[in-house]
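Visitor: Please choose one part of this model for a close look, and then follow the connections from there into the rest of the chain. I would like the cut-offs stated as you go.

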Amino acid sequence: MGWLKMHKKARRAVQVVVSFLLLLFTGLFMYACGVQRSWRREIMDADRDPLTGVIRGTEAVTLSPAAGRERQPRTAVLMIHGFLSARTDFADLPQRLADKGVTVRLVRLPGHGTTPIEFASLERGDLYREVEAEYRNLRRDFDRVCVVGFSMGGSLATILTANERVDKLVLLAP
């Protein structure tokens, strides 16, 4: 009799555990479906440039000093944003630098400001090659080129500095 009573208790415990796990997995599944739906809606509703497909506000931008504010030697700053981010990482710093007479180039790394599918299609080295190309374009036109990297952009800036003659390196939240 004792064994039968214990067997019923064990069966009841198993039922409780299975019911709990079923509820847990159902809840997680419903949550994942909701997140995916919200994510798709956000991607579809993003304000994009109709020609490039890039989300407005994430495109690469160059800020030039106001007329008469340029200093010698002519200086440029290359600003590299973080992972899955954009130029907004830097808040008002780029404009402040431009107001001080510095040309500021804010890059848009490949796959950023587009879609997850485009980001997933990146190949090894694509991000660094973009940073290197942006740097070399600035180096051609300016006496001094400083590099500012935020988060993952800091890693890319560090690699760039190891390979190129960067005048100054600033790392923000590396």
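Guide: Let us begin with A91, which sits in the loop between β2 and α2 (93-99); helices (H or I, at least four residues) and strands (E, at least two) are DSSP runs, numbered from the N terminus. The model is a predicted one, in which local features need pLDDT of at least 70 and side-chain atom pairs count only at pLDDT 80 or more, whereas totals for chains, interfaces and linings use all residues. Residues are numbered from 1 along each chain as its sequence is written, and side-chain values use heavy atoms, with hydrogens and water left out.

The backbone of A91 has a phi near 50°, a positive value in a residue other than glycine. With a relative accessibility of 64%, A91 counts as exposed, on a scale where buried means under 20% relative accessible area, exposed over 50%, and partly exposed in between (1.4 Å probe, protein chains only). A positive phi near 50° is also found at A173, again a residue other than glycine; A173 belongs to the segment after β5 and is exposed at 55% relative accessible area.

From the backbone we can turn to charged side chains. Side chains of opposite charge can pair when their charged atoms come close. Across the whole structure a search finds 9 salt bridges, each being a side-chain nitrogen of Lys or Arg within 4 Å of a carboxyl oxygen of Asp or Glu. One of them joins D92 to R96 at 2.9 Å, N to O; D92 is partly exposed at 42% relative accessibility, while R96, at 54%, is exposed.

Another salt bridge pairs D167 with R139, whose closest N and O atoms are 2.8 Å apart. This pair links distant parts of the chain, with D167 in the loop between α5 (152-163) and β5 (168-172), and R139 placed 28 residues away in helix α4 (residues 126-141). The two partners are covered to unlike degrees: D167 is partly exposed, with 29% relative accessible area, and R139 is buried at 17%. D167 also meets R165 in a salt bridge of 3.5 Å, N to O, and R165 is exposed at 53% relative accessibility. Elsewhere, E132, R136 and E164 are joined into one network by salt bridges that share partners.

The nonpolar interior comes next. A nonpolar core is here a set of buried Ala, Val, Leu, Ile, Met, Phe, Trp, Tyr and Cys residues joined through side-chain atoms within 4.5 Å. The largest such core has 18 residues, of which L78, I80, L109, V147, L156 and L160 touch the most other members. Two or more residues each are supplied by β2 (75-80), α4, β4 (144-150) and α5, and the largest share, 5 residues, comes from α4. If neighbours within four places in sequence are set aside, L160 is in contact (heavy atoms within 4.5 Å) with L78, Y128, V131, E132, Y135, V147 and V166. A second, separate core of 10 residues includes M79, A98, L106 and V148.

Two strand residues complete the picture of the interior. G149, in strand β4, is buried at 0% relative accessibility, and beyond residues up to four places away in sequence G149 touches I80, G154, A157, V170, L171 and L172. The C-alpha atoms of G149 and N163 are 15 Å apart, with the two positions 14 residues apart in chain numbering. T103 lies in strand β3 (residues 103-106) and is buried at 8% relative accessible area; with the same exclusion of residues up to four places away, the contacts of T103 are T62, L63, S64, P65, T75, A76, V77 and F142.

Finally, among the cysteines, C33 is partly exposed at 36% relative accessibility and C146 is buried at 12%. The structure holds 0 disulfides, a disulfide being a pair of cysteine sulfur atoms within 2.5 Å.
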